[in-house]
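Here are my notes on the model you sent. They are kept short, one topic to a point.

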Amino acid sequence: MHPQGIGQYCAHAEDILAIEKLPWRQDMNTLQDLQELEAWWVSKDPWNYEENGDDEKRKGMLLYAIPRKEYRRVLDIGCGNGFITRHLPGREIIGVDVSANAIRHARESSRGFPHIQYRQHSIFEMPVQDSSRSFDLIVVTGVLYPQYIASAEKLIYAIIDELLMDGGILVSCHIDAWYTSRFPYVTLLREYYPYRDYNHVLEVYMK
Ligand SMILES: C[S@@+](CC[C@H](N)C(=O)[O-])C[C@H]1O[C@@H](n2cnc3c(N)ncnc32)[C@H](O)[C@@H]1O
């Protein structure tokens, strides 16, 4: 991450987090080594989502939990190969992922869907034009784990808050034991269910 990238999204990030002290300040893309992540994403389905019934269920529950309304601009943070992204409702859908390989797979899997765009960059490097609270739906699933964001939950909140419009919907879905953040928005849904060897927590918030 470029330090100035934080500033443009979150003018007070340094105050909020004392980010100078964050351990990943030197390598700000992601805590997990990016090369390792890229090696993982050589496979187009490294976690075997396409074949695993629990992931089909996860996807179904997440999509069902999205409040029914018309979404104009939708963001999937850490979209991976687009397993969820390509099913999201909305006029314009943007998936971002730090992995170039994941984005390549995502683009292949969504070919023929011109309303879906994929971009390779970190959540910590969202372009300035997105910072004007222009998204009315944001999805983040399987991303808010220490291996990806260290202990930067508050910074993630600040970034999402800059991206999500007032009244917008945030959907978060994670392994409960690995994810402890809660967003300070109105909670519309919090549901726990078994997922592989774990429990998942699916949350829907309204800003
Ligand atoms: C477990 S996968 C989940 C993929 C997708 N959300 C899904 O559920 O199908 C986590 C994804 O987060 C991405 N990721 C990790 N750190 C990131 C960051 N700082 N910014 C954007 N994406 C990131 C990884 O490359 C990976 O594709």
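1. Helix over the sheet. The model is predicted. In it, α7 lies across three strands, β1, β4 and β5. Its direction makes an angle of about 140° with β5. A second helix, α5, lies across β2 and β3, and runs at about 165° to β3.

2. Overall make-up. The protein chain has 7 helices and 7 strands. Along the sequence they follow the pattern α-α-α-α-β-β-α-β-β-α-α-β-β-β. Of the 207 residues, 35% are buried. Take the contacts between residues at least 6 apart in sequence: 65% of them join residues at least 24 apart.

3. The sheet. The 7 strands form an open sheet in the order β3-β2-β1-β4-β5-β7-β6. Pairing within this sheet is mixed. The edge strands are β3 and β6 (186–195), and each of them pairs on one side only. Neighbouring strands are turned by 15° against each other on average, direction ignored.

4. Strand pairs around β1. β1 runs parallel to β4, and 4 bridges join the two. β1 also runs parallel to β2, here with 5 bridges. V74 shows both pairings: it stands opposite L137 in β4 and opposite I93 in β2.

5. Strand β2. How enclosed is β2 by the rest of the structure? Largely so, because 5 of its 6 residues are buried. Besides its bridges to β1, β2 pairs with β3 in the parallel sense over 5 bridges. In that second pair, I94 stands opposite Q117. A reminder for reading side chains here: in a regular strand they alternate between the two faces of the sheet.

6. The nonpolar core. Which residues touch the most other members of the largest nonpolar core? They are I138 and L163, in a core of 44 residues. Several elements each supply at least two residues to this core. The strands are β1 (73–77), β2 (92–97), β3 (116–120), β4 (135–141), β5 (164–175) and β7 (198–206). The helices are α5 (100–109) and α7 (153–163).

7. Contacts of L163. Set aside the neighbours within four places in sequence. L163 is then in contact with L75, M126, D130, S131, R133, F135 and I138. I138 is thus a contact of L163 as well as the other residue named for touching the most core members.

8. The loop before α7. S151 sits in the loop between α6 (146–149) and α7. Is S151 buried, exposed or partly exposed? It is partly exposed, because 14 other C-beta atoms lie within 10 Å, and a residue counts as buried only at 20 or more and as exposed at 12 or fewer. S151 and L31 are 120 residues apart along the chain, yet their C-alpha atoms are separated by 10.0 Å.

9. The ligand shell. There are 20 residues around the ligand. Which of them come nearest? G78, G80, F83, G142 and Y148 do. By type, the shell divides into 12 nonpolar, 7 polar and 1 charged.

How values were computed
Residues are numbered from 1 along each chain as its sequence is written. This is a predicted model: local features need pLDDT of at least 70, side-chain atom pairs count only at pLDDT 80 or more; totals for chains, interfaces and linings use all residues. A nonpolar core is a set of buried Ala, Val, Leu, Ile, Met, Phe, Trp, Tyr and Cys residues joined through C-beta atoms within 7 Å. Two residues are in contact if their C-beta atoms, placed from the backbone, lie within 7 Å. Two strands pair if DSSP finds at least two bridges between them. Axes are lines fitted to C-alpha atoms, for helices over the stretch in contact, and angles run from 0 to 180 degrees between N-to-C directions. A residue is near a molecule or strand if its C-beta atom, placed from the backbone, lies within 6 Å of it. Ala, Val, Leu, Ile, Met, Phe, Trp, Tyr, Cys and Pro count as nonpolar, Asp, Glu, Lys and Arg as charged, and the others, Gly among them, as polar.
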